[in-house]
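Trainee: Please take one part of this model and go through it closely, starting with a single piece of the fold and its immediate partners, and then moving outward to the charged pairs and the surface.

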Amino acid sequence: MDDYVMPAREVVRPENQLALSEKELEEELPRTLTAGNPAAPNNIAERNATLLGPAVTATPAADSGPRQLRNQFNFNERAAQTLVFPPVERSTATEPPPSASASGSCSQGEMYDEYMADQERTHAAEEASRARVAAAKKYWEDAADALREASGTLLPLWKFADARVRRRAVTALAWSPSHADLFAAAYGSFDAQAQGGGAVAVFSLKNPGHPEFFFAAESGVLCLDWSPGQPSLLAVGLYAGGVAVLDVRGAPGSPPLYEATAAAGKHSDSVWAVRWAPAAGGSPAFFSVAGDGRVVLWTLAKAELQHQEIIELAEVAGVAAAAGDEADDLEHPRLAAGTCLDFHQEQDDLFVVGTEEGFLHKCSAAFNAEYVATYAPHEGAVYAVAWNRRHARVFLSASADWTVKLWHDARPKARVRVWDLARDVHWPVCEQRVAAKAALTRLAFSAAHPVMLIGDERGCVTCFKLSPNLRKPALPAGGLSAAEEYPNVGTADRGEVVSQAALHQEDEATRLFRHQWGLYQQVWKQDYLEHARLYEAVESILATQAQSGPLDVLDLGCGDAGPISSVLTAAAAEGRPLLRSYTGVDLSKPALALAQANLARVAPGTPAAFHVADLLSFTRGAADFDAVLASFSLHHLDTGAKGELLKAAHRLLAKRKGFMLLVDIVCKESEPLDIYHARATADVDENWVCFDAKSRHTLKEHISTCDFPESLSQYQALGAAAGFAAVECAVTGRNNLATVVVLRV
């Protein structure tokens, strides 16, 4: 039977049921029942003969009768009547609550704005709660350092661990470039016999107990790097040779955004380093270097990783042969296993790669035919290399030979530096170029005489004698006297005589000069204004102009003649005399005394004159010159005084058709003076790290009160008004803070 069909109703009647007609059914039969003696009824009940048969009349029983009839309609034995309570209606009437109609409209933009505002409030609340937890340990210090002058301790803060990587080694660490509290850790194994799965965990200093992001990999993770352009992207290199890009905003267990496969150029050996390419406005990309000797550029396309071979790390000639492992096929040379790489901080296409051979190779992404340069090897594999973030020419390398080497990546110059550790452990007391083109290979001091031998790569050995300043013994306890510090100061050939007594008189003005000049010397040595690059351009220009003969040079604001001395030293080492005569002008007598000593050291026998005078007053009555040099002196003058000085310089150069070199600070085009001062003082706070707070305050006060720079277009207008035929910029330094301007008659 179907479950959804209602069953038919069947009426079942017992066999002994009476069959009554409709009329009989409608007939009423009244009954009166009374409670009495059940054993002897005391009343008579009439019965319907039709229904119950013949009537029976009951009469009170006689005392003598033996028969007693029972009233079968007495129900007292089988039932009881109960009281039925009538229903009572209960109701309550209330007033309806007041109501009001409300209406409004909400656009999609309003919903989005409100959602973002709610997210920001939630994020701010979470950050505040985490900050309260972190503040307890972030700023605590060790009071015992007040009793220790030359030592310190490492103060423990937190430990970051996860049970899922308890038996894995930490193979790489990287701080997030955009979130100061965030860092990523890679897990794997450096042991080839103990390889297994790897992982990447992203922790926050505000939540040490649990990682913010976790990714489990089938192969060990050996390296990782954050994207500078997209802070949520993390590039990782795997032991199996693959690379992947993770999005740390993804849900736990989500797959990588991109992953290299064997068909997509995957490395055939372990990937030891990944570095994101500097952002250049195109698609995000990163570099990888692996044990297979390949440096590969990976570009994030719409649906896949696109790879490009940048360079193959060929073994240095002679290394394989020296090891008795010469390649059989000359068309397929052996490749050196790459272990690390890092990019230049200013030139985006240059990077340095370390290899297992111990060599360091400077390579270019734009030129992959050969190495740009190769540096002397370590004795073991190079494990790490890193460019200095503040000095673009300096980088470090760490090797398995237990050494860390500091490299200076300047233009190849055969220079010798001599340190006097008793005077200064940071700066050399002598830096001199000793060869024109050949690189220097060996140096040896004589134990019997103050001489040294220097060999170069072209087979030449040159012997040098140390000057008297380099032969001085260690400093006495009280330091050097003024006479010992400036032993070569004499009188000038013409002009005002700067006497030894005036130099050695330690009055307040001299002490102030020494302090301020010391700050300037530190700026020079630290190359904060890129003096080295600027005066390389000056050296090149002077050398070109002196090809027809030495020059008569006027140096306005010469100071201690340090810049021109470095130029003359390099020219003398190459056998190119630049000066016929030298005239220095400055307002400081102590500075001119130092200038005399410096010039006598680097250009002995050159006629020289030094004048204590104002620049404008001196140029109005001076003679003719071939070249006028103004080094960081014109920016102290206002625009009108600069114009007058340029006119006077043009008059001094007009007869000989000479030129003027202006080395000075400049501002950007249409940049207000207060904006320049803010930019320059911010550069002091950010980059001039060798100065203490007091010295930085002095430097910033000097910038704010004494610097009045002009833009390049303003110098061009001033030069044209002074009569110069051409005004051009030779080189510009970092952040447009300094430049070399050439003005030609």
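Mentor: What follows starts with one strand and its partners, and then turns to the salt bridges, a surface patch and a record entry.

This is a predicted model, in which local features need pLDDT of at least 70 and side-chain atom pairs count only at pLDDT 80 or more, whereas totals for chains, interfaces and linings use all residues. Residues are numbered from 1 along each chain as its sequence is written, and side-chain values use heavy atoms, with hydrogens and water left out.

The part to look at is strand 2, residues 182-188; strands (E, at least two residues) and helices (H or I, at least four) are DSSP runs numbered from the N terminus. Seven of the seven residues of strand 2 are buried, so this strand is largely enclosed by the rest of the structure. Here buried means under 20% relative accessible area, exposed means over 50%, and partly exposed lies in between, with a 1.4 Å probe and protein chains only. Leu 182, Ala 184, Ala 186 and Gly 188 point one way from the strand, while Phe 183, Ala 185 and Tyr 187 point the other way, and all of them are buried.

Strand 2 has a partner in strand 1 (residues 169-175), with which it runs antiparallel over six bridges; two strands count as paired if DSSP finds at least two bridges between them. The connection between strand 1 and strand 2 is a hairpin of six residues, and Trp 175 has Phe 183 of strand 2 as its bridge partner. Strand 2 also pairs with strand 3 (residues 198-204), again in the antiparallel sense and over six bridges, and here Ala 186 stands opposite Val 200 of strand 3.

Turning to charge, side chains of opposite charge can pair when their charged atoms come close. The rule used is a side-chain nitrogen of Lys or Arg within 4 Å of a carboxyl oxygen of Asp or Glu, and by this rule the count comes to 20 salt bridges. Glu 114 and Arg 121 form one of them, with their closest N and O atoms 3.5 Å apart; Glu 114 is partly exposed at 49% relative accessibility, and Arg 121 is partly exposed at 48%. Glu 315 and Arg 334 form another, at 3.4 Å from N to O. This pair links distant parts of the chain, 19 residues apart, with Glu 315 in the loop between strand 12 (305-312) and helix 4 (319-322) and Arg 334 in the loop between helix 4 and strand 13 (338-343). Arg 334 is partly exposed, with a relative accessible area of 35%.

A further salt bridge joins Arg 433 to Glu 539, the closest N and O atoms being 4.0 Å apart. The two residues are 106 residues apart and link distant parts of the chain, Arg 433 lying in strand 21 (residues 430-435) and Glu 539 in helix 8 (residues 531-545). Arg 433 is buried at a relative accessible area of 8%, and Glu 539 is buried at 9%. Beyond single pairs, Asp 552, Arg 580, Asp 626 and Arg 656 are joined into one network by salt bridges that share partners.

At the surface, Leu 20 lies in the segment before helix 1 (22-26) and counts as partly exposed at 38% relative accessibility.
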